[in-house]
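Take a look at the model below. This report covers two annotated spans, a pocket and a pair of helices.

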Amino acid sequence: MNISDKIFVIGAGAIGKVLAVLLTDVRRNVSLLRATAPDAESESQEVNILIEGRKSVAATVPVSGLNACHELAGIIAVTSKSYGNRDVVDMLKGKIGNSPIVILQNGLGVENVFLDALPNNVYRCVLFATSQFDSSAMLHFKPVSTSLVGIVRGNEGELRAIVEALNSPMFAFGTEKDIQRVAWKKSIVNCVFNSVCPLLETDNGIFHRNPDALLLARTIVEQCVKVANLVNIQLTTEETIQSLLTISKFSDGQLISTYQD
């Protein structure tokens, strides 16, 4: 079996559902697995997405609890919250063979528990997209740029196959050689969004709209870049600010997940 023949998306949240629907829309074989309700019975669920406020996409996706699956042979795409990674690892043991794991989560070191507990190849994705539910349970999805995937433990051939399998016209993926540097820059940017936006009770677009908010963001970025440089991750304040402004502009009106929660 080719790894790209089947994709298991672990985490039925805002990103996991979007990924599953858009892959289903291009006729990939996808199953959506709940990590927070691992014993849930299998069902078919229709999910509706509004992309950039214009294009509507809907698909019926098979959904079940992670414990309901006894064998996962294919690509394991982890989109659940990173604080539950240890539980996810425990549920994956003995059922994934040599299936590669792709971690689509924010933060630093989110891959470590997988590396320590499982022998499988592990790849890290840095997401450049935002997604949120509205009151009608429709998902509003805004891609900012191509989401990047790199090797933590694995090989370039498998990496290319994974990226090709995950890629779709509305949710683009690409390869990245220095994925840890990208992860650090995105994590620093998220330090700004996840702290300032909830405190100001505002959306992601505040930084490209408001000079005072951008000044506050710069203060946070400067401190974080110093930490990155101390661990030999070479970043500058200006390139990180530019990344923050790009995300702020393209996700204008979207709420960061911390504020959504």
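## The N-terminal span

In this predicted model, residues 7-135 are 20% helix and 36% strand. The C-alpha atoms at the two ends of the span sit 29 Å apart. An unreviewed UniProt entry lists residues 7-135 as "domain: Ketopantoate reductase N-terminal".

## The C-terminal span

Residues 178-261 have another make-up: 76% helix and 0% strand. Here the end C-alpha atoms are 31 Å apart. The unreviewed UniProt entry gives this span the label "domain: Ketopantoate reductase C-terminal".

## The largest pocket

How much space lies in the largest pocket? It holds about 1,200 Å³. Rolling a probe the size of a water molecule over the atoms shows where empty space is left.

The lining of the largest pocket has 44 residues. Nearest its centre are I15, T79, K81, N106 and S257. Five elements each give two or more residues to this lining: α1 (14-25), α2 (85-92), β8 (129-133), α5 (179-200) and α9 (257-260). By type, the lining divides into 21 polar, 18 nonpolar and five charged residues.

## Two crossing helices

Now turn to helix α7 (residues 211-230) and helix α8 (residues 237-250). Their axes come within 10 Å of each other. They cross at roughly 130°. An angle between 115 and 145 degrees counts as oblique, so α7 and α8 are oblique to each other. The crossing of α7 and α8 is right-handed.

Key
Residues numbered from 1 in each chain as written. Predicted model: local features only at pLDDT ≥ 70, side-chain atom pairs only at ≥ 80, totals over all residues. Heavy atoms only, no water. UniProt positions renumbered as here; feature names shortened; annotations may be inferred. Helix = DSSP H or I, 4+ residues; strand = E, 2+ residues; numbered from the N terminus. 1 Å grid on protein atoms, 1.4 Å probe; cavity = no way out; pocket = protein on both sides within 12 Å on 5 of 7 lines; lining within 4 Å. Points joined across faces, edges and corners; volume = space filled by probe spheres on them. Nonpolar A, V, L, I, M, F, W, Y, C, P; charged D, E, K, R; others polar. Axes fitted to C-alpha atoms, helices over the stretch in contact; angles between N-to-C directions. Parallel < 35°, antiparallel > 145°, perpendicular 65-115°, else oblique. Left-handed = near helix turned anticlockwise from the far one by under 90°.
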